[in-house]
Amino acid sequence: MQKEISKEISIVWFRQDLRISDNPAITSAAEAGKILPIYIFDDCAPKLYQTGSVSKLWLSHSLEKLNTTLDKKLNLYVGNASKIIAELIKKHKIKKIFWNKCYEPWHIDQELLVKKICDQADIKWKIFNSNYLWSPKDILKDDGSYYKVFTAYKNKAKTIKARACLAKTPKLDCVKDTANKTKLTDLNLIPDHPWHQKIEKLWEVGEDAAHDKVEFFIENHLSGYKHGRDYPAKAQTSLLSPHLHFGEITPAQILDSISSFAELTASNIDIEHFLSELIWREFSVYLLHHFNTLHKDNFNQKFNNFGWTTNNTTLLKAWKKGKTGYPFIDAGMRQLWQTGYMHNRVRMVVASFLVKNLGIHWHKGEDWFWDCLVDADLANNSASWQWVAGCGVDAAPYFRIFNPTTQGEKFDADGEYTREFVPELKNLPDKYLFEPWTAPEQVLKAAGVELGKTYPRPIVDLAETRNRALESYKGL
DNA sequence: TGAAATGTTGGGGCG
DNA sequence: ACGCCCCAACATTTC
(Lines give C-alpha, C1' and ligand atoms only; values in the text may rest on other atoms or scores of the structure.)
Protein backbone atom coordinates (compact mmCIF):
# COMPACT_ATOMS: atom_id res chain seq x y z
CA MET A 1 0.00 0.00 0.00
CA GLN A 2 1.29 3.40 -0.92
CA LYS A 3 1.90 5.79 1.90
CA GLU A 4 0.01 9.00 1.33
CA ILE A 5 2.45 11.22 3.10
CA SER A 6 5.95 10.25 2.20
CA LYS A 7 8.16 11.87 4.83
CA GLU A 8 8.35 10.61 8.38
CA ILE A 9 6.03 12.46 10.65
CA SER A 10 4.83 12.58 14.26
CA ILE A 11 1.25 12.64 15.38
CA VAL A 12 0.21 15.18 17.99
CA TRP A 13 -3.00 13.95 19.53
CA PHE A 14 -4.96 16.92 20.89
CA ARG A 15 -7.57 16.40 23.57
CA GLN A 16 -7.89 18.92 26.39
CA ASP A 17 -4.83 20.90 25.39
CA LEU A 18 -6.13 23.07 22.58
CA ARG A 19 -3.14 25.40 22.37
CA ILE A 20 0.30 25.50 20.85
CA SER A 21 2.18 27.56 23.44
CA ASP A 22 3.52 25.75 26.50
CA ASN A 23 2.53 22.50 24.88
CA PRO A 24 5.30 19.92 25.38
CA ALA A 25 3.66 17.45 23.01
CA ILE A 26 3.81 20.01 20.22
CA THR A 27 7.29 21.18 21.13
CA SER A 28 8.71 17.66 21.17
CA ALA A 29 6.97 16.75 17.96
CA ALA A 30 8.30 19.89 16.29
CA GLU A 31 11.83 18.94 17.29
CA ALA A 32 11.26 15.57 15.65
CA GLY A 33 10.11 17.10 12.35
CA LYS A 34 6.78 17.16 10.58
CA ILE A 35 3.56 17.00 12.57
CA LEU A 36 0.19 15.47 11.84
CA PRO A 37 -2.03 17.27 14.35
CA ILE A 38 -5.22 15.36 15.10
CA TYR A 39 -8.35 15.76 17.19
CA ILE A 40 -10.74 12.86 17.61
CA PHE A 41 -14.28 13.44 18.77
CA ASP A 42 -15.55 10.25 20.32
CA ASP A 43 -19.28 10.05 19.75
CA CYS A 44 -19.48 6.43 20.87
CA ALA A 45 -18.49 7.09 24.47
CA PRO A 46 -20.91 5.99 27.19
CA LYS A 47 -23.40 8.73 28.02
CA LEU A 48 -21.74 9.45 31.31
CA TYR A 49 -18.57 10.44 29.48
CA GLN A 50 -20.04 12.45 26.66
CA THR A 51 -19.22 16.11 26.36
CA GLY A 52 -21.97 18.32 27.79
CA SER A 53 -24.08 20.52 25.51
CA VAL A 54 -22.46 23.82 26.41
CA SER A 55 -18.98 22.31 26.49
CA LYS A 56 -19.58 21.14 22.91
CA LEU A 57 -20.25 24.70 21.93
CA TRP A 58 -16.99 25.83 23.47
CA LEU A 59 -15.14 22.89 21.98
CA SER A 60 -16.38 23.75 18.52
CA HIS A 61 -15.06 27.29 18.72
CA SER A 62 -11.86 26.24 20.36
CA LEU A 63 -11.14 23.72 17.61
CA GLU A 64 -11.83 26.38 15.06
CA LYS A 65 -9.29 28.70 16.69
CA LEU A 66 -6.74 25.93 17.00
CA ASN A 67 -7.20 25.07 13.36
CA THR A 68 -6.51 28.68 12.43
CA THR A 69 -3.41 28.71 14.62
CA LEU A 70 -2.23 25.54 12.90
CA ASP A 71 -2.64 27.15 9.53
CA LYS A 72 -5.78 25.12 8.79
CA LYS A 73 -3.87 21.89 9.24
CA LEU A 74 -5.81 20.44 12.16
CA ASN A 75 -7.16 17.02 11.21
CA LEU A 76 -10.54 16.17 12.69
CA TYR A 77 -12.01 12.72 13.12
CA VAL A 78 -15.13 11.27 14.64
CA GLY A 79 -15.14 7.90 16.35
CA ASN A 80 -13.04 5.63 18.48
CA ALA A 81 -9.57 7.06 19.13
CA SER A 82 -7.55 3.86 19.04
CA LYS A 83 -9.21 2.67 15.84
CA ILE A 84 -8.64 5.96 14.11
CA ILE A 85 -5.03 6.17 15.21
CA ALA A 86 -4.54 2.56 14.08
CA GLU A 87 -5.81 3.53 10.64
CA LEU A 88 -3.59 6.59 10.50
CA ILE A 89 -0.59 4.47 11.34
CA LYS A 90 -1.41 2.11 8.51
CA LYS A 91 -1.98 4.88 6.05
CA HIS A 92 0.90 7.24 6.80
CA LYS A 93 4.52 6.89 7.67
CA ILE A 94 4.18 7.77 11.33
CA LYS A 95 7.34 7.78 13.42
CA LYS A 96 6.15 8.93 16.81
CA ILE A 97 3.06 10.04 18.64
CA PHE A 98 2.89 12.68 21.36
CA TRP A 99 0.14 13.76 23.67
CA ASN A 100 -0.53 15.53 26.96
CA LYS A 101 -1.88 13.53 29.84
CA CYS A 102 -5.58 13.60 30.74
CA TYR A 103 -6.95 12.05 33.89
CA GLU A 104 -10.55 11.22 33.03
CA PRO A 105 -11.02 7.44 33.26
CA TRP A 106 -12.16 7.18 29.66
CA HIS A 107 -9.13 9.14 28.51
CA ILE A 108 -6.93 6.73 30.43
CA ASP A 109 -8.68 3.78 28.78
CA GLN A 110 -8.13 5.39 25.38
CA GLU A 111 -4.48 6.00 26.17
CA LEU A 112 -3.92 2.37 27.11
CA LEU A 113 -5.36 1.16 23.83
CA VAL A 114 -3.39 3.68 21.81
CA LYS A 115 -0.17 2.73 23.58
CA LYS A 116 -0.85 -0.91 22.79
CA ILE A 117 -1.45 -0.18 19.13
CA CYS A 118 1.70 1.89 18.92
CA ASP A 119 3.77 -0.79 20.63
CA GLN A 120 2.51 -3.39 18.17
CA ALA A 121 3.39 -1.14 15.25
CA ASP A 122 6.74 -0.23 16.82
CA ILE A 123 5.88 3.45 17.02
CA LYS A 124 7.26 5.51 19.87
CA TRP A 125 4.81 7.37 22.07
CA LYS A 126 5.50 10.06 24.60
CA ILE A 127 3.17 11.54 27.18
CA PHE A 128 3.56 14.78 29.11
CA ASN A 129 1.99 16.37 32.12
CA SER A 130 1.31 19.88 30.98
CA ASN A 131 -2.19 20.80 32.08
CA TYR A 132 -1.37 20.78 35.77
CA LEU A 133 1.32 22.20 38.00
CA TRP A 134 2.04 18.86 39.59
CA SER A 135 1.59 15.31 38.52
CA PRO A 136 -0.85 13.55 40.89
CA LYS A 137 1.54 10.72 41.54
CA ASP A 138 4.28 13.07 42.75
CA ILE A 139 2.58 14.40 45.84
CA LEU A 140 2.27 11.73 48.48
CA LYS A 141 2.48 11.42 52.22
CA ASP A 142 5.62 9.95 53.72
CA ASP A 143 3.92 6.57 54.04
CA GLY A 144 3.17 6.58 50.31
CA SER A 145 -0.56 7.16 50.63
CA TYR A 146 -2.29 10.16 49.10
CA TYR A 147 -3.57 13.28 50.85
CA LYS A 148 -7.22 13.57 51.74
CA VAL A 149 -7.06 17.01 53.32
CA PHE A 150 -6.69 20.00 51.07
CA THR A 151 -4.44 22.10 53.28
CA ALA A 152 -2.04 19.24 53.89
CA TYR A 153 -1.94 18.55 50.16
CA LYS A 154 -1.33 22.20 49.38
CA ASN A 155 1.47 22.50 51.91
CA LYS A 156 3.18 19.45 50.54
CA ALA A 157 2.70 20.56 46.94
CA LYS A 158 4.35 23.87 47.69
CA THR A 159 7.51 22.09 48.76
CA ILE A 160 7.71 20.42 45.36
CA LYS A 161 8.81 22.31 42.30
CA ALA A 162 5.79 23.09 40.14
CA ARG A 163 5.94 22.52 36.43
CA ALA A 164 7.46 25.55 34.70
CA CYS A 165 6.09 26.72 31.40
CA LEU A 166 8.03 26.30 28.19
CA ALA A 167 9.76 29.46 27.14
CA LYS A 168 9.40 29.24 23.42
CA THR A 169 6.63 28.20 21.06
CA PRO A 170 8.16 26.30 18.16
CA LYS A 171 7.69 26.94 14.47
CA LEU A 172 5.47 24.16 13.22
CA ASP A 173 5.56 22.16 10.07
CA CYS A 174 2.12 20.61 9.99
CA VAL A 175 0.70 18.30 7.40
CA LYS A 176 -2.85 17.65 6.39
CA ASP A 177 -4.34 14.19 6.05
CA THR A 178 -5.84 14.92 2.66
CA ALA A 179 -7.74 11.65 2.51
CA ASN A 180 -9.73 12.71 5.54
CA LYS A 181 -12.83 14.69 4.67
CA THR A 182 -14.19 15.30 8.17
CA LYS A 183 -15.12 18.93 8.73
CA LEU A 184 -15.80 20.70 12.00
CA THR A 185 -19.52 20.67 11.28
CA ASP A 186 -19.38 16.87 11.01
CA LEU A 187 -18.67 16.76 14.74
CA ASN A 188 -22.20 18.06 15.35
CA LEU A 189 -21.12 20.25 18.22
CA ILE A 190 -23.49 23.18 17.75
CA PRO A 191 -26.93 22.54 19.20
CA ASP A 192 -29.98 22.89 17.06
CA HIS A 193 -31.73 25.40 19.28
CA PRO A 194 -31.06 29.11 19.62
CA TRP A 195 -30.13 29.46 23.32
CA HIS A 196 -26.47 29.10 22.47
CA GLN A 197 -26.28 32.45 20.72
CA LYS A 198 -26.22 34.44 23.94
CA ILE A 199 -23.54 32.16 25.32
CA GLU A 200 -21.47 32.57 22.18
CA LYS A 201 -21.70 36.32 22.47
CA LEU A 202 -20.50 36.27 26.07
CA TRP A 203 -17.32 34.30 25.64
CA GLU A 204 -14.18 34.74 23.63
CA VAL A 205 -12.83 31.26 23.03
CA GLY A 206 -9.31 30.09 22.28
CA GLU A 207 -5.69 30.42 23.21
CA ASP A 208 -5.31 34.11 22.41
CA ALA A 209 -8.48 35.00 24.28
CA ALA A 210 -7.25 33.03 27.29
CA HIS A 211 -4.04 35.04 27.41
CA ASP A 212 -5.90 38.31 27.06
CA LYS A 213 -8.11 37.27 29.93
CA VAL A 214 -5.14 36.48 32.15
CA GLU A 215 -3.62 39.88 31.46
CA PHE A 216 -6.93 41.59 32.12
CA PHE A 217 -7.47 39.69 35.33
CA ILE A 218 -4.02 40.43 36.69
CA GLU A 219 -4.27 44.06 35.77
CA ASN A 220 -7.78 44.72 37.02
CA HIS A 221 -9.04 42.09 39.40
CA LEU A 222 -6.21 40.32 41.15
CA SER A 223 -5.88 43.18 43.60
CA GLY A 224 -8.71 42.65 46.07
CA TYR A 225 -9.37 39.15 44.77
CA LYS A 226 -9.55 37.41 48.14
CA HIS A 227 -12.42 39.54 49.33
CA GLY A 228 -14.05 40.44 46.03
CA ARG A 229 -14.30 36.92 44.65
CA ASP A 230 -17.21 36.23 46.99
CA TYR A 231 -19.53 38.84 45.48
CA PRO A 232 -21.28 37.60 42.35
CA ALA A 233 -22.13 41.07 41.07
CA LYS A 234 -18.46 42.04 41.05
CA ALA A 235 -16.53 40.74 38.10
CA GLN A 236 -13.63 39.83 40.34
CA THR A 237 -13.14 36.17 39.52
CA SER A 238 -10.70 35.25 36.78
CA LEU A 239 -13.20 33.46 34.49
CA LEU A 240 -10.31 31.28 33.36
CA SER A 241 -11.95 27.96 34.18
CA PRO A 242 -13.19 27.06 30.66
CA HIS A 243 -9.85 28.01 29.15
CA LEU A 244 -8.08 25.83 31.69
CA HIS A 245 -10.45 22.95 31.11
CA PHE A 246 -9.84 22.90 27.38
CA GLY A 247 -6.15 23.52 27.87
CA GLU A 248 -6.16 26.78 25.97
CA ILE A 249 -3.83 27.96 28.69
CA THR A 250 -1.85 26.18 31.39
CA PRO A 251 -1.65 27.05 35.08
CA ALA A 252 2.10 27.36 34.63
CA GLN A 253 1.53 30.11 32.09
CA ILE A 254 -0.84 31.88 34.46
CA LEU A 255 1.72 31.82 37.27
CA ASP A 256 4.36 32.98 34.86
CA SER A 257 2.21 35.93 33.84
CA ILE A 258 1.62 36.89 37.46
CA SER A 259 5.28 36.76 38.40
CA SER A 260 6.39 38.68 35.36
CA PHE A 261 3.68 41.32 35.43
CA ALA A 262 5.35 44.69 35.49
CA GLU A 263 3.08 46.76 37.68
CA LEU A 264 1.61 44.21 39.99
CA THR A 265 -0.40 45.99 42.67
CA ALA A 266 -2.04 42.97 44.21
CA SER A 267 -1.06 42.02 47.74
CA ASN A 268 0.46 38.69 48.62
CA ILE A 269 -2.79 37.74 50.29
CA ASP A 270 -4.66 38.11 47.01
CA ILE A 271 -2.04 36.26 45.01
CA GLU A 272 -1.84 33.47 47.56
CA HIS A 273 -5.59 33.09 47.49
CA PHE A 274 -5.71 32.92 43.74
CA LEU A 275 -2.92 30.36 43.77
CA SER A 276 -4.89 28.40 46.31
CA GLU A 277 -7.86 28.30 43.92
CA LEU A 278 -5.59 26.95 41.21
CA ILE A 279 -4.40 24.33 43.68
CA TRP A 280 -8.01 23.28 44.32
CA ARG A 281 -8.08 22.40 40.65
CA GLU A 282 -4.89 20.39 41.12
CA PHE A 283 -6.36 18.69 44.18
CA SER A 284 -9.50 17.68 42.27
CA VAL A 285 -7.61 15.95 39.52
CA TYR A 286 -5.31 14.45 42.13
CA LEU A 287 -8.31 12.89 43.85
CA LEU A 288 -9.70 11.63 40.57
CA HIS A 289 -6.35 10.04 39.83
CA HIS A 290 -6.22 8.24 43.15
CA PHE A 291 -9.95 7.47 43.35
CA ASN A 292 -10.98 7.01 39.77
CA THR A 293 -14.70 6.63 40.32
CA LEU A 294 -14.97 10.01 42.01
CA HIS A 295 -17.65 11.00 39.50
CA LYS A 296 -19.80 8.02 40.43
CA ASP A 297 -19.07 6.79 43.93
CA ASN A 298 -19.30 8.58 47.25
CA PHE A 299 -15.77 9.04 48.43
CA ASN A 300 -17.05 8.52 51.95
CA GLN A 301 -18.89 5.21 51.73
CA LYS A 302 -20.93 5.97 54.81
CA PHE A 303 -23.15 7.94 52.47
CA ASN A 304 -23.93 4.95 50.26
CA ASN A 305 -27.26 4.36 51.93
CA PHE A 306 -28.04 7.97 52.58
CA GLY A 307 -31.62 8.88 51.74
CA TRP A 308 -31.11 11.23 48.81
CA THR A 309 -33.95 11.07 46.34
CA THR A 310 -33.30 10.56 42.66
CA ASN A 311 -36.82 10.75 41.31
CA ASN A 312 -38.44 13.97 42.47
CA THR A 313 -38.79 15.53 39.07
CA THR A 314 -40.93 18.46 40.22
CA LEU A 315 -38.37 19.81 42.66
CA LEU A 316 -35.44 19.02 40.38
CA LYS A 317 -37.07 20.75 37.47
CA ALA A 318 -37.82 23.85 39.54
CA TRP A 319 -34.18 23.94 40.58
CA LYS A 320 -32.88 23.53 37.03
CA LYS A 321 -35.13 26.22 35.64
CA GLY A 322 -34.51 28.70 38.44
CA LYS A 323 -38.06 28.63 39.74
CA THR A 324 -37.59 27.60 43.34
CA GLY A 325 -39.08 30.76 44.81
CA TYR A 326 -35.74 31.60 46.44
CA PRO A 327 -34.43 34.55 44.42
CA PHE A 328 -30.74 34.04 45.10
CA ILE A 329 -30.96 30.39 44.05
CA ASP A 330 -33.01 31.23 41.01
CA ALA A 331 -30.58 33.96 39.96
CA GLY A 332 -27.74 31.44 40.04
CA MET A 333 -29.58 28.73 38.15
CA ARG A 334 -30.67 31.18 35.50
CA GLN A 335 -27.17 32.59 35.18
CA LEU A 336 -26.03 29.03 34.52
CA TRP A 337 -28.70 28.36 31.92
CA GLN A 338 -28.29 31.67 30.14
CA THR A 339 -24.53 32.12 30.25
CA GLY A 340 -23.00 28.67 30.71
CA TYR A 341 -21.41 29.90 33.90
CA MET A 342 -22.23 30.47 37.54
CA HIS A 343 -20.30 32.46 40.09
CA ASN A 344 -18.45 30.24 42.55
CA ARG A 345 -20.18 31.54 45.67
CA VAL A 346 -23.56 30.92 44.09
CA ARG A 347 -22.54 27.44 42.93
CA MET A 348 -21.99 26.49 46.55
CA VAL A 349 -25.33 27.91 47.61
CA VAL A 350 -27.43 26.29 44.86
CA ALA A 351 -25.61 22.99 45.36
CA SER A 352 -26.24 23.03 49.08
CA PHE A 353 -29.89 23.82 48.38
CA LEU A 354 -30.29 20.90 45.98
CA VAL A 355 -28.61 18.34 48.17
CA LYS A 356 -29.63 19.52 51.61
CA ASN A 357 -32.92 21.39 51.30
CA LEU A 358 -34.38 19.48 48.37
CA GLY A 359 -32.76 16.22 49.48
CA ILE A 360 -31.83 15.31 45.92
CA HIS A 361 -28.79 13.17 45.09
CA TRP A 362 -25.66 15.11 44.14
CA HIS A 363 -25.47 13.08 40.90
CA LYS A 364 -28.47 15.06 39.64
CA GLY A 365 -26.69 18.32 40.24
CA GLU A 366 -23.48 16.95 38.81
CA ASP A 367 -25.30 15.93 35.59
CA TRP A 368 -26.97 19.30 35.19
CA PHE A 369 -23.76 21.25 35.74
CA TRP A 370 -21.98 18.89 33.36
CA ASP A 371 -24.44 19.70 30.64
CA CYS A 372 -24.71 23.44 31.25
CA LEU A 373 -21.27 24.70 32.21
CA VAL A 374 -18.71 26.04 29.77
CA ASP A 375 -16.08 24.94 32.28
CA ALA A 376 -17.56 21.47 32.95
CA ASP A 377 -14.63 19.40 34.10
CA LEU A 378 -14.96 15.89 35.42
CA ALA A 379 -12.51 16.24 38.29
CA ASN A 380 -13.65 19.68 39.44
CA ASN A 381 -17.31 18.91 39.02
CA SER A 382 -17.34 15.64 40.90
CA ALA A 383 -14.94 16.74 43.63
CA SER A 384 -16.94 19.90 44.23
CA TRP A 385 -20.32 18.20 44.31
CA GLN A 386 -19.05 15.62 46.74
CA TRP A 387 -17.55 18.40 48.81
CA VAL A 388 -20.88 20.18 49.10
CA ALA A 389 -22.85 16.98 49.64
CA GLY A 390 -20.60 16.13 52.56
CA CYS A 391 -19.52 12.75 51.20
CA GLY A 392 -16.37 14.06 49.58
CA VAL A 393 -12.77 14.54 50.53
CA ASP A 394 -12.17 17.10 53.24
CA ALA A 395 -15.85 17.85 52.74
CA ALA A 396 -18.10 20.49 54.16
CA PRO A 397 -19.66 19.04 57.32
CA TYR A 398 -23.19 17.94 56.59
CA PHE A 399 -24.62 20.44 59.03
CA ARG A 400 -23.16 23.35 57.10
CA ILE A 401 -26.31 24.32 55.27
CA PHE A 402 -26.45 27.58 53.42
CA ASN A 403 -29.45 29.82 53.88
CA PRO A 404 -30.24 31.34 50.46
CA THR A 405 -31.72 34.45 52.03
CA THR A 406 -28.78 35.13 54.32
CA GLN A 407 -26.30 34.38 51.56
CA GLY A 408 -28.11 36.77 49.24
CA GLU A 409 -28.19 39.51 51.85
CA LYS A 410 -24.53 39.04 52.64
CA PHE A 411 -23.06 38.65 49.19
CA ASP A 412 -25.53 40.52 47.00
CA ALA A 413 -26.63 43.16 49.47
CA ASP A 414 -27.87 45.66 46.90
CA GLY A 415 -29.43 42.89 44.81
CA GLU A 416 -27.56 43.77 41.64
CA TYR A 417 -26.86 40.17 40.70
CA THR A 418 -30.24 38.82 41.75
CA ARG A 419 -32.14 41.54 39.92
CA GLU A 420 -30.18 40.92 36.74
CA PHE A 421 -31.24 37.29 36.51
CA VAL A 422 -34.61 37.52 38.24
CA PRO A 423 -35.89 40.69 36.60
CA GLU A 424 -39.48 40.06 37.60
CA LEU A 425 -38.42 41.05 41.13
CA LYS A 426 -36.32 44.04 40.19
CA ASN A 427 -38.71 46.60 41.64
CA LEU A 428 -38.91 44.94 45.03
CA PRO A 429 -37.09 46.89 47.76
CA ASP A 430 -33.84 45.32 49.02
CA LYS A 431 -35.54 44.46 52.27
CA TYR A 432 -37.82 41.91 50.60
CA LEU A 433 -35.79 40.95 47.56
CA PHE A 434 -34.53 37.67 48.96
CA GLU A 435 -37.79 36.79 50.71
CA PRO A 436 -40.61 38.13 48.55
CA TRP A 437 -43.19 36.05 50.40
CA THR A 438 -42.64 38.16 53.52
CA ALA A 439 -43.42 41.42 51.73
CA PRO A 440 -46.69 43.17 52.57
CA GLU A 441 -49.36 42.89 49.92
CA GLN A 442 -49.09 46.50 48.85
CA VAL A 443 -45.31 46.35 48.49
CA LEU A 444 -45.68 43.36 46.18
CA LYS A 445 -48.35 45.14 44.22
CA ALA A 446 -46.28 48.29 43.85
CA ALA A 447 -43.38 46.19 42.55
CA GLY A 448 -45.62 44.38 40.09
CA VAL A 449 -45.07 41.03 41.76
CA GLU A 450 -47.82 38.49 42.07
CA LEU A 451 -46.62 35.48 44.02
CA GLY A 452 -47.55 32.22 42.40
CA LYS A 453 -48.02 34.00 39.08
CA THR A 454 -45.16 36.31 38.12
CA TYR A 455 -42.79 34.62 40.56
CA PRO A 456 -43.16 31.29 42.39
CA ARG A 457 -43.74 30.84 46.08
CA PRO A 458 -40.95 28.90 47.85
CA ILE A 459 -41.11 25.26 46.77
CA VAL A 460 -39.95 24.03 50.17
CA ASP A 461 -39.82 25.36 53.69
CA LEU A 462 -36.24 26.22 54.61
CA ALA A 463 -36.39 25.53 58.33
CA GLU A 464 -38.30 22.30 57.88
CA THR A 465 -36.00 20.91 55.18
CA ARG A 466 -32.95 22.02 57.09
CA ASN A 467 -34.08 20.13 60.18
CA ARG A 468 -34.90 17.07 58.12
CA ALA A 469 -31.40 17.17 56.63
CA LEU A 470 -29.87 17.46 60.09
CA GLU A 471 -31.94 14.49 61.27
CA SER A 472 -30.70 12.36 58.36
CA TYR A 473 -27.16 13.38 59.14
CA LYS A 474 -27.47 12.17 62.68
CA GLY A 475 -28.43 8.79 61.29
CA LEU A 476 -25.06 8.32 59.65
C1' DT B 1 -15.86 28.95 51.90
C1' DG B 2 -22.79 28.33 58.13
C1' DA B 3 -26.76 29.06 60.63
C1' DA B 4 -29.49 28.84 64.57
C1' DA B 5 -29.72 28.36 69.38
C1' DT B 6 -27.96 29.65 73.52
C1' DG B 7 -25.06 32.39 76.60
C1' DT B 8 -22.96 36.79 78.14
C1' DT B 9 -22.45 41.57 78.65
C1' DG B 10 -23.40 46.26 79.09
C1' DG B 11 -26.07 50.46 78.40
C1' DG B 12 -30.34 52.76 79.07
C1' DG B 13 -35.20 53.19 80.59
C1' DC B 14 -37.80 53.16 84.50
C1' DG B 15 -39.97 52.42 88.98
C1' DA C 1 -28.86 56.47 93.43
C1' DC C 2 -30.09 51.87 92.84
C1' DG C 3 -31.74 47.52 91.20
C1' DC C 4 -34.34 45.45 87.78
C1' DC C 5 -35.62 44.48 83.20
C1' DC C 6 -35.09 44.69 78.35
C1' DC C 7 -32.58 43.94 74.51
C1' DA C 8 -29.01 44.87 71.28
C1' DA C 9 -24.57 43.26 70.24
C1' DC C 10 -21.30 39.99 70.56
C1' DA C 11 -19.46 35.35 71.83
C1' DT C 12 -19.95 30.47 72.25
C1' DT C 13 -22.01 26.18 71.40
C1' DT C 14 -24.53 22.99 68.78
C1' DC C 15 -26.24 20.86 64.73
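The following paragraphs lead through the cores, a helix pair, one further helix and a DNA-facing surface of a predicted model. Local features need pLDDT of at least 70 and side-chain atom pairs count only at pLDDT 80 or more, while totals for chains, interfaces and linings use all residues. Residues are numbered from 1 along each chain as its sequence is written, and chains are lettered from A and ligands numbered from 1 in the order in which they are written.

The largest nonpolar core (buried Ala, Val, Leu, Ile, Met, Phe, Trp, Tyr and Cys residues joined through C-beta atoms within 7 Å; buried means 20 or more other C-beta atoms within 10 Å of a residue's own, with C-beta atoms placed from the backbone) has 112 residues, and those with the most contacts inside it are Ile11, Val12, Ile38, Tyr39, Val350 and Leu354. Leaving aside residues up to four places away in sequence, Leu354 touches Trp319, Ile360 and Gly365, contact being C-beta atoms within 7 Å.

Trp319 is also one of the buried residues of helix H12 (residues 313-321), together with Leu316, Ala318 and Lys320; helices are DSSP runs of H or I, at least four residues, numbered from the N terminus. Their cover includes helices H13 (327-339), H14 (344-357) and H15 (362-372), and just after H12, Gly322 takes a positive phi of about 70°.

Elsewhere, Arg281, Ser284, Val285, Leu287 and Leu288 in H11 meet Leu378, Ala379, Asn380 and Ala383 in H16.

Finally, DNA strand B is surrounded by Trp280, Met348, Phe399, Arg400, Ile401, Phe402, Asn403, Thr406 and Gln407, each with its C-beta atom, placed from the backbone, within 6 Å of the strand.

Notes: A residue is buried if 20 or more other C-beta atoms lie within 10 Å of its own, exposed if 12 or fewer, and partly exposed in between; C-beta atoms are placed from the backbone. Two residues are in contact if their C-beta atoms, placed from the backbone, lie within 7 Å. Helices (H or I, at least four residues) and strands (E, at least two) are DSSP runs, numbered from the N terminus.
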